[in-house]
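These are my notebook entries on one protein chain. I looked up its overall form, its sheet and a few single residues.

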Amino acid sequence: MFEISSTVQQIESAFFYIFAVSVIFLLGITFCMVWFLIRFNHKRNPVPSKSHGNLPLEIAWTVIPTILALAMFYYGWLGFETVRNVPQGATQVTVEGRSFFWTFRYANDRVEKEL
């Protein structure tokens with residue numbers, strides 16, 4: 001029989017991973033925005049100062065989000081593969097959609113309006 005719990009577990013873990021990374025980035029970016037607003041306020045710093053590039057920092061903020069995005073894709077792909085593959089012994093159902101109802105035709109030519 002098809003195990004729903006393992007399928008849901010993989011999809012749920014991918015969702016929670018993506019959600020956690022998104023929340024961490026949301027909080028981090030919001031904190032940085034507020035900090036920059038306070039630190040570089042126009043009243044406190046009327047004359048802008050020159051800033052120079054920082055190669056290690058630029059590499060870090062390019063590589064780390066790329067790795068996180070690839071990890072999100074990987075976990076999402078695992079969940080997709082689980083849902084996409086038809087389990088052994090599955091019943092084949094042909095579905096026909098109409099304007100306001102569905103028709104389900106089973107292998108033994110039985111037709112139902114509900115799955």
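Entry 1, terms. I take helices and strands as DSSP runs, at least four residues (H or I) for a helix and at least two (E) for a strand, numbered from the N terminus. I note at the outset that the model is predicted.

Entry 2, overall form. I first asked how many helices and strands the protein chain has. I found two helices and three strands. In sequence order I read the pattern as α-α-β-β-β. The radius of gyration came out at 26 Å, well over the 13 Å that the globule rule gives for 115 residues, so I record the protein chain as more spread out than a compact globule. Along the principal axes, I noted a C-alpha trace that spans about 80 × 35 × 20 Å.

Entry 3, burial and surface. I looked up the share of buried residues and found 6% of the 115 residues in the protein chain. The exposed area is about 10500 Å², and 66% of it is supplied by carbon and sulfur atoms. For contacts between residues at least 6 apart in sequence, I noted that 36% join residues at least 24 apart.

Entry 4, charge. I listed 9 positive and 8 negative side chains in the protein chain. The centres of the two sets lie 19 Å apart.

Entry 5, the sheet. In what order do the three strands lie in the open sheet? I read the order as 1-2-3, with antiparallel pairing. Strand 1 (93-97) and strand 3 (111-112) each have a single partner strand and stand at the edges, so one side of each is left without a neighbour in the sheet. As background, I recall that strands of a sheet pair through backbone hydrogen bonds.

Entry 6, strands 1 and 2. I found five bridges joining strand 1 to strand 2 (residues 102-106). The two strands form a hairpin, with four residues between them. Which residue of strand 2 is the bridge partner of Val93? I identified Tyr106. For Glu96, I found the bridge partner in strand 2 to be Thr103.

Entry 7, Thr103. I then asked whether Thr103, in strand 2, is buried or exposed. Its relative accessibility is 16%, and because buried means under 20%, I count Thr103 as buried. Leaving aside neighbours within four places in sequence, I listed its contacts as Thr94, Val95, Glu96, Val111 and Glu112.

Entry 8, Asp109. I located Asp109 in the loop between strand 2 and strand 3. Asp109 is not a glycine, yet I read a positive phi of about 65° for it. I set this beside the general rule that most residues other than glycine have a negative phi. With a relative accessibility of 59%, Asp109 counts as exposed.

Entry 9, Ile38. I placed Ile38 in helix 1 (residues 4-39). Is Ile38 buried or exposed? I count Ile38 as exposed because its relative accessibility is 53%, and the cut-off for exposed is over 50%. Lastly, I looked up the separation of Ile38 and Ala107, and found them 69 residues apart in sequence. In space, I noted 68 Å between Ile38 and Ala107, C-alpha to C-alpha.

Methods. Residues numbered from 1 in each chain as written. Predicted model: local features only at pLDDT ≥ 70, side-chain atom pairs only at ≥ 80, totals over all residues. Heavy atoms only, no water. Pairing = 2+ DSSP bridges. Buried < 20%, exposed > 50% of the residue type's maximum accessible area, 1.4 Å probe, protein only. Contact = heavy atoms within 4.5 Å. Rg over C-alpha atoms; globule rule 2.2 N^0.38 Å. Areas by Shrake-Rupley, 256 points an atom, 1.4 Å probe, with all protein chains shown as cover. Lys, Arg positive; Asp, Glu negative; His and termini not counted. Charge placed at Lys NZ, Arg CZ, Asp CG, Glu CD.
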